[in-house]
Amino acid sequence: QVQLVESGGGLVQAGGSLRLSCTASGNFFSITAMGWYRQAPGKQRELVATDIIGGTTIYADSVKGRFTISRDNAKNTVYLQMNSLKPEDTDVYYCNANVRSFTNSGSYWGQGTQVTVSS
């Protein structure tokens, strides 16, 4: 089984910063992509940023220039540095990892962490 544990959410004023972390553990031998999605109540989950093995990063247009995704492969951890936060960034943020293993290959999700930006 594969587990993703997130941390770093919270309440911040507009213009502030937060850093999210997500660590993967379990039975796998590689992670092909790790990233962050967000979802507001009643809306579809949307991509925020993802880091794909080989060095490709993809960002949603709404966060380009403000958010930075990075990975520590040795720790199976992905980070999302969020700067210049806006009230519209308020959402539950979910970590996602695509892993390869002999028995558990697939896409996995964390439990979600709330980010609230006050105006």
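This report describes the strands, the nonpolar core and selected residue contacts of the structure above, which is a predicted model.

**The four-stranded sheet**

Four strands form an open sheet in the order β1-β3-β8-β7, and their pairing is antiparallel. At the edges stand β1, covering residues 2-7, and β7, covering residues 67-72, each of which pairs on one side only. On average, neighbouring strands of this sheet are turned by 15 degrees against each other, direction ignored.

On one side of the sheet, β1 is joined to β3 (residues 18-26) by six antiparallel bridges. Within this pairing, L4 has A24 of β3 as its bridge partner. On the other side, β7 and β8 run antiparallel and are likewise linked by six bridges. Here R71 has V78 of β8 as its bridge partner. The strands β7 and β8 form a hairpin with four residues between them, and N76 in the turn has a positive phi of about 50 degrees.

The edge strand β7 has two distinct faces. F67, I69 and R71 make up the covered face, whereas T68, S70 and D72 make up the uncovered one. In a regular strand, side chains alternate between the two faces of the sheet.

**Strand β9 and its partners**

Strand β9 spans residues 91-100 and is mostly covered, with seven of its ten residues buried. The table lists its antiparallel pairings.

| Partner of β9 | Residues of partner | Bridges |
|---|---|---|
| β4 | residues 30-39 | nine bridges |
| β10 | residues 106-109 | four bridges |
| β11 | residues 113-118 | three bridges |

Individual residues illustrate these pairings. G35 has N96 of β9 as its bridge partner, and N98 is matched in β10 by its bridge partner S107. V92 stands opposite Q114 in β11. The connection from β9 to β10 is a hairpin of five residues.

**The nonpolar core**

The largest nonpolar core contains 28 residues, and those with the most contacts inside it are M34, W36, V48, F67, L80, M82 and Y93. At least two residues of this core come from each of β1, β3, β4, β5 (46-52), β7, β8 (77-82), β9 and β11. F67, one of these core residues, also belongs to the covered face of β7.

V48 is another of the residues with the most contacts inside the core. Leaving aside neighbours within four places in sequence, V48 is in contact with W36, Y37, R38, I58, Y59, A60, V63, F67, L80 and Y93.

**Residue Y93**

Y93 lies in strand β9. Why does Y93 count as buried? The reason is its relative accessibility of 0%, since the term applies to values under 20%.

When residues up to four places away in sequence are not counted, Y93 touches E6, L20, W36, Y37, R38, V48, F67, L80, M82, G112, T113 and V115. Several core residues named above appear in this list, among them W36, V48, F67, L80 and M82. The side chain of Y93 also has a polar atom that lies 2.6 Å from the backbone oxygen of D89. Y93 and E46 are separated by 47 residues in sequence, while their C-alpha atoms are 9.5 Å apart in space.

Methods. Residues numbered from 1 in each chain as written. Predicted model: local features only at pLDDT ≥ 70, side-chain atom pairs only at ≥ 80, totals over all residues. Heavy atoms only, no water. Pairing = 2+ DSSP bridges. Axes fitted to C-alpha atoms, helices over the stretch in contact; angles between N-to-C directions. Buried < 20%, exposed > 50% of the residue type's maximum accessible area, 1.4 Å probe, protein only. Core = buried A, V, L, I, M, F, W, Y, C linked by side-chain atoms within 4.5 Å. Contact = heavy atoms within 4.5 Å. Polar contact = N/O pair within 3.5 Å; in protein donor to acceptor, adjacent residues only side chain to side chain.
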